[in-house]
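User: I should like to learn how to read the features of a molecular model, one at a time. Where should we begin?

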Amino acid sequence: MRMAVVGLFAGMALAFAGYFGGFGAFLLVAALGAVGFIVGRFLDGDLEPGVFFRPRDRDR
């Protein structure tokens with residue numbers, strides 16, 4: 001599925017949540033969508049768990 005179609009569905013889900021559930025539901029759907037996106041990237045192999053837990057270099 002193309003990313004434009006995925007973005008369309010995500011936007012429609014956020015619009016429905018905002019319209020029917022209010023701003024709190026909008027934020028909840030947005031946060032869970034972001035978590036789902038990150039989990040999907042892990043499962044696709046695009047991200048590695050060590051990226052978030054590695055210490056930063058201070059010499060930059």
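Analyst: Let us begin with surface patches. A patch is made of residues with over 30% relative accessible area and no salt bridge, and nonpolar side chains are joined within 5 Å. Please keep in mind that this is a predicted model.

User: Which residues form a nonpolar patch on the surface here?

Analyst: The nonpolar patch consists of V5, L8, F9, M12, F16, Y19 and F20, and together these residues have about 790 Å² of accessible area. One of them, M12, lies in helix α1, which covers residues 3-44.

User: Is M12 buried, partly exposed or exposed, and why?

Analyst: The class follows from relative accessible area: buried means under 20%, exposed means over 50%, and partly exposed lies in between. M12 counts as partly exposed because its relative accessibility is 38%.

User: What does the protein chain look like as a whole, in terms of helices, strands and buried residues?

Analyst: The protein chain has 2 helices and 0 strands. Of its 60 residues, 2% are buried. The accessible surface of the chain is about 5500 Å², and carbon and sulfur atoms account for 67% of that area.

User: How should a pair of aromatic rings be described?

Analyst: A pair of aromatic rings is described by the distance of the centres and the angle of the planes. Rings pair if their centres lie within 6.5 Å; planes under 30 degrees apart count as stacked, and planes over 60 as edge-to-face. By this rule there are 3 aromatic pairs. In one of them, Y19 and F20 are edge-to-face, because the ring centres are 4.9 Å apart and the planes stand at 85°. Y19 is exposed, at a relative accessible area of 66%, and F20 is exposed as well, at 64%.

User: How are the rings of F23 and F26 arranged?

Analyst: F23 and F26 form a stacked pair, with 6.0 Å from centre to centre and 25° between the planes. The two residues are 3 residues apart in helix α1, so about one helical turn separates them. F23 is exposed, with a relative accessible area of 59%, whereas F26 is partly exposed at 29%.

User: Which residues do ring pairs link into a cluster?

Analyst: The cluster contains F16, Y19 and F20. These three residues are also listed in the nonpolar patch.

User: What does the UniProt record add, and how does the model look over those residues?

Analyst: An unreviewed UniProt entry lists residues 25-43 as "transmembrane region". Over residues 25-43 the model is 100% helix and 0% strand, and the end C-alpha atoms are 27 Å apart.

User: How far apart are A30 and L14, in sequence and in space?

Analyst: A30 and L14 are 16 residues apart in sequence, and their C-alpha atoms are 6.7 Å apart in space. A30 is placed in helix α1 and counts as partly exposed, at 31% relative accessibility.

Terms used:
Residues numbered from 1 in each chain as written. Predicted model: local features only at pLDDT ≥ 70, side-chain atom pairs only at ≥ 80, totals over all residues. Heavy atoms only, no water. UniProt positions renumbered as here; feature names shortened; annotations may be inferred. Helix = DSSP H or I, 4+ residues; strand = E, 2+ residues; numbered from the N terminus. Patch = residues over 30% accessible without salt bridge, like charges linked within 9 Å, V, L, I, M, F, W, Y side chains within 5 Å. Areas by Shrake-Rupley, 256 points an atom, 1.4 Å probe, with all protein chains shown as cover. Salt bridge = Lys/Arg side-chain N within 4 Å of Asp/Glu carboxyl O. Buried < 20%, exposed > 50% of the residue type's maximum accessible area, 1.4 Å probe, protein only.
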